[in-house]
Amino acid sequence: MNFFDAAIYDLIFKLSGTGTTIFMTFISHLGSAIPLILITVGILIFSKGKGYSKFIAFNLACSFIISQILKLIIRRPRPELLRLAVEKGFSFPSGHAMVSTVFYGFFIYLISKKIKDRKKKKIYISLIALLIFLIGISRIYLGVHYATDVIAGHIFGILYLYFAIKYLYKGKIK
């Protein structure tokens, strides 16, 4: 573990306690496959053919596949420190961080384009950005990722989402 990862882990783990562990486990689940798939299915069912619903499903699948490919290429082992959650596979990049950045980040994009009320827009965007950040923090807290895994996951997620919106979605909101 490098100095940066160790320093961040020590800082975050100082917050440890039963309540914090329950909260971080809950937050981490919001970036997990089952909740994201259920939200996506709900959007597909209730959006009634809106173009963004298929794009959300497409992005969820693509971001997961890309994160898994990167893990197989880089093959970084998971931390050996105290683990509060059980995870399989490789550590870099954090799939939770990457996929949640892409998934929830697209909602930030939609909100920025659809909601006119500046105060509401700021509140919604801030809450979603906080969720994305906390999902990443939760992965470090639970001991299943290094800080650099999470940062890389967020960066890869932002890059993917930028190019996906610009070249695939092309700003079309229906």
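Here is a quick tour of the salt bridges, surface patches and backbone oddities in this structure. Keep in mind that you're looking at a predicted model. It holds three salt bridges, and Asp-5, Arg-76 and Asp-149 are linked in a network of them. On the surface you'll find a patch of positive charge made by Lys-50, Lys-113, Lys-114 and Lys-116, plus a nonpolar patch with about 890 Å² of accessible area together.

**The Arg-76 network**

- Let's start with Arg-76, whose side chain meets that of Asp-5 in a salt bridge, at 3.1 Å from N to O. This pair links distant parts of the chain: Asp-5 belongs to helix H1 (residues 3-13), while Arg-76 is in the loop between H4 and helix H5 (95-114), and the two are 71 residues apart.
- Are Arg-76 and Asp-5 buried or exposed? Both of them are buried.
- Arg-76 also has a salt bridge with Asp-149, this one at 2.7 Å from N to O. Asp-149 lies in helix H7 (residues 147-169) and Arg-76 in the loop between H4 and H5, so this pair ties together parts that are 73 residues apart in sequence.
- Asp-149 has a relative accessible area of 0%, so it counts as buried.
- Put those two pairs together and you get the network of Asp-5, Arg-76 and Asp-149.

**The Arg-139 and Glu-87 pair**

- Side chains of opposite charge can pair when their charged atoms come close.
- Arg-139 forms a salt bridge with Glu-87, and their closest N and O atoms are 3.0 Å apart. Here again distant parts of the chain are linked, with Arg-139 in helix H6 (residues 118-141) and Glu-87 in the loop between H4 and H5, 52 residues apart.
- How do the two partners sit? Arg-139 is buried, because its relative accessible area is just 2%. Glu-87, at 27% relative accessibility, counts as partly exposed.

**Patches on the surface**

- Which residues gather in the patch of positive charge? They are Lys-50, Lys-113, Lys-114 and Lys-116.
- One of these, Lys-50, sits in the loop between helix H3 (33-46) and helix H4 (51-74). Its relative accessible area is 33%, so Lys-50 is partly exposed.
- The nonpolar patch is formed by Phe-4, Phe-58, Ile-151, Ile-155, Leu-159, Tyr-162, Phe-163, Tyr-167 and Leu-168. H7 gives the most to this patch, with seven residues.
- Tyr-167 is a good one to look up: you'll find it in helix H7, and it's partly exposed because its relative accessibility is 47%.

**A buried serine**

- Ser-53 is found in helix H4, and it counts as buried because its relative accessibility is 2%.
- What joins the side chains of Ser-53 and Ser-47? It's a polar contact of 3.1 Å.

**Backbone oddities in the loop between H4 and H5**

- Phe-92 and Pro-93 are joined by a cis peptide bond, with omega at about -5 degrees. Pro-93 lies in the loop between H4 and H5.
- Arg-75 is in the loop between H4 and H5 too. Its phi is near 60 degrees, which is a positive value in a residue other than glycine.
- With a relative accessible area of 48%, Arg-75 is partly exposed, whereas Arg-76 is buried.

Definitions and conventions: Residues are numbered from 1 along each chain as its sequence is written. This is a predicted model: local features need pLDDT of at least 70, side-chain atom pairs count only at pLDDT 80 or more; totals for chains, interfaces and linings use all residues. Side-chain values use heavy atoms; hydrogens and water are left out. Patches are made of residues with over 30% relative accessible area and no salt bridge: like charges are joined within 9 Å, nonpolar side chains (Val, Leu, Ile, Met, Phe, Trp, Tyr) within 5 Å. Accessible areas come from the Shrake-Rupley method with a 1.4 Å probe; for residues, only the protein chains shown count as cover. A salt bridge is a side-chain nitrogen of Lys or Arg within 4 Å of a carboxyl oxygen of Asp or Glu. Lys and Arg count as positive and Asp and Glu as negative; His and the chain ends are not counted. The place of a charge is taken as NZ of Lys, CZ of Arg, CG of Asp or CD of Glu. Helices (H or I, at least four residues) and strands (E, at least two) are DSSP runs, numbered from the N terminus. Buried means under 20% relative accessible area, exposed over 50%, partly exposed in between (1.4 Å probe, protein chains only). A polar contact is a pair of N or O atoms within 3.5 Å; within protein, one must be able to donate a hydrogen and the other to accept it, and residues adjacent in sequence count only if both atoms are side-chain atoms.
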